[in-house]
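Dear colleague,

Please find the structure below. My notes on it follow directly after.

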Amino acid sequence: MLHVKGGTIVTAERTFRADILCDDNGRIATIAPEIDTPTGCEIVDAHGLLVMPGGIDPHTHMEMPFMGSIASDDFYTGTAAGLAGGTTSIIDFVIPDSGSSLLEAWKAWRIKAEKAAADYSFHVAVTHWDDQVHQDMATLVNECGVNSFKHFMAYKNALMVDDDVLLHSIRRAGELGALCTVHAENGDAVAYMQARLLAEGRTGPDAHPASRPPTVEGEAAQRVIALAGLLDAPVYIVHVSTAEAAHAIADARMRGQRVYGEVLPQHLVFDESVYSSPDWLTAARYVMSPPFRPRHHQHALWAGLTSGQLQTTATDHCCFCAGQKENGRTNFTHIPNGTPGIEDRMSILWHHGVTTGRLSPQEFVAITSTNTARIFNMLPRKGCIVEGADADLVLWDAQGTRTISARTHHQNVDYNIYEGMTVTGVARRTISAGRVVWDEGDLRATRGAGRYIERPALPRR
Ligand code: DUC
Ligand code: ZN
Ligand code: ZN
Ligand code: ZN
């Protein structure tokens with residue numbers, strides 16, 4: 001048993017002074033203004049700290065095979081790093097090889113993830129369409145606790161799906177009470193632009209943003225919103241990075257469509273100038289898709305989060321070390337796409353969101369945890385502080401500061417995109433399933449302690 005004593009609880013709905021008692025099953029047993037510590041119960045001092053629902057990162061790629069590499073953070077190291085930053089659950093992606101079974105891939109990913117230190121769940125990617133996919137989607141929803149599917153409109157000749165696959169999958173997901181999530185970039189346009197840039201001799205990382213300009217994302221976002229509208233089905237757009245996509249989502253919502261949008265903290269912090277570094281590796285480390293944008297796009301993303309038109313934040317945590325990024329030394333299209341960040345999402349968002357006055361602490365909880373739990377049907381087990389919920393909590397020091405560095409982070413990757421930044425807002429302690437797993441700099445993550453979280457089908461209209 002654990003007694004979280006003296007803290008101020010912040011949920012997406014309210015802020016109040018209360019103690020929390022966690023039971024031996026890893027759940028919240030009691031919430032009350034003053035609790036007498038039961039004998040033998042461990043006390044966790046929360047005086048002066050905010051007690052918030054542990055962060056949920058709905059977009060990570062642990063040990064993902066991608067572009068000839070495998071992402072360097074595995075399910076253990078990546079979830080452990082998340083715990084150090086106050087994130088207690090992830091939703092990762094099952095990526096079947098094109099043409100192979102979704103169900104078999106899900107089974108393979110279940111085995112990989114057994115080493116996770118924090119709770120995890122899966123979106124399953126649909127990369128082609130046939131009768132088996134149609135059948136596997138039902139099995140995954142009805143028997144495997146999967147209520148969301150992923151689609152890549154980018155990565156031609158690899159993961160990309162065309163509109164025909166999108167239409168079939170969105171329709172099928174709608175029938176099953178599942179949600180389609182989409183990486184919205186026009187993959188044909190990207191492949192065309194890449195070929196043209198290479199022909200012009202543009203082989204370095206600065207060609208990466210030029211090969212996928214904002215229109216490429218805006219077009220794909222508008223297209224998938226139109227297709228989902230045609231089928232009267234909801235759609236969730238991952239890593240919204242442009243004003244064009246943010247406005248397309250807001251417009252659709254104002255027409256009454258159920259469209260959701262996710263923002264990555266790195267898109268709120270970095271702009272396309274990161275690709276102009278004279279040092280190849282420094283620039284290559286920022287190669288991810290969608291790329292960093294001209295600064296004015298950040299305004300649209302913040303406005304989306306403040307207004308609620310964009311609901312969630314994630315990291316797209318996908319780590320590649322220097323040796324892996326080197327694959328693209330002579331051709332930017334071979335640089336493995338991905339940036340790390342699971343450990344720093346909460347601090348970056350607090351620092352740039354709450355201390356600047358853009359977001360209230362309650363809104364911070366909404367965009368880092370509660371909204372994700374609601375959209376992906378994990379409430380009330382995750383994303384809130386109520387009796388009976390999982391005891392996944394972060395004890396947050398709103399005034400504390402730390403300087404981010406690869407020298408001190410826990411991510412299994414040899415750089416940190418936020419290197420040298422000092423942020424206000426620090427996870428002092430993290431509690432996962434009723435256990436203190438991060439205690440003032442002491443990471444006590446346990447390999448295999450994470451549990452697979454089944455997410456039931458969403459209520460159909
Ligand atoms: N984008 C990335 O940068 N990495 C992983 C996959 C993706 O879509
Ligand atoms: Zn993506
Ligand atoms: Zn623009
Ligand atoms: Zn991704």
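Which protein donors does the zinc ion (ligand 4) have? They are H59 (NE2), H61 (NE2) and D316 (OD), which lie 2.0 to 2.2 Å from the ion. Donors here are N, O and S atoms within 2.8 Å of the metal (3.2 Å for Na, K and Ca), and sites may look incomplete because water is not among the atoms.

Before going further, please note that this is a predicted model, in which local features need pLDDT of at least 70 and side-chain atom pairs count only at pLDDT 80 or more, while totals for chains, interfaces and linings use all residues. Residues are numbered from 1 along each chain as its sequence is written, chains are lettered from A and ligands numbered from 1 in the order in which they are written, and side-chain values use heavy atoms, with hydrogens and water left out.

**The zinc ions**

In sequence, the donors of the zinc ion (ligand 4) follow the spacing H-x1-H-x254-D. H61 belongs to the loop between β8 (55-60) and β9 (65-66) and D316 to the loop between β17 (312-313) and α12 (322-325), so this pair ties together parts that are 255 residues apart in sequence. Helices (H or I, at least four residues) and strands (E, at least two) are DSSP runs, numbered from the N terminus.

The zinc ion (ligand 2) is coordinated at 2.1 Å by H183 (ND1) and H239 (NE2). Since H183 lies in strand β14 (residues 179-183) and H239 in the loop between β15 (235-237) and α8 (243-254), the pair ties together parts that are 56 residues apart in sequence. The distance between the zinc ion (ligand 2) and the zinc ion (ligand 4) is 3.5 Å.

**Ligand 1**

The residues around ligand 1 (those with a heavy atom within 4 Å of it) include H61, H183, H239 and D316. This shell divides into four nonpolar residues, six polar and one charged.

Polar contacts are pairs of N or O atoms within 3.5 Å. A nitrogen atom of ligand 1 is 3.1 Å from an N or O atom in the side chain of Y155. An oxygen atom of ligand 1 lies 3.0 Å from an N or O atom in the side chain of H183, and an oxygen atom of the ligand is 3.5 Å from a polar backbone atom of G338. Taken alone, ligand 1 exposes 240 Å², of which the protein buries 99% (Shrake-Rupley method, 1.4 Å probe).

**Backbone geometry**

The peptide bond from S289 to P290 is cis, with omega near 0 degrees; P290 is in the loop between α10 (280-284) and α11 (296-307). S289 is also among the residues around ligand 1. A cis peptide bond also joins L379 and P380, with omega about -5 degrees, and P380 is in the loop between α14 (361-375) and β18 (393-403). M67, a residue other than glycine, has a positive phi near 50 degrees.

With kind regards

Conventions. A polar contact is a pair of N or O atoms within 3.5 Å; within protein, one must be able to donate a hydrogen and the other to accept it, and residues adjacent in sequence count only if both atoms are side-chain atoms. Ala, Val, Leu, Ile, Met, Phe, Trp, Tyr, Cys and Pro count as nonpolar, Asp, Glu, Lys and Arg as charged, and the others, Gly among them, as polar.
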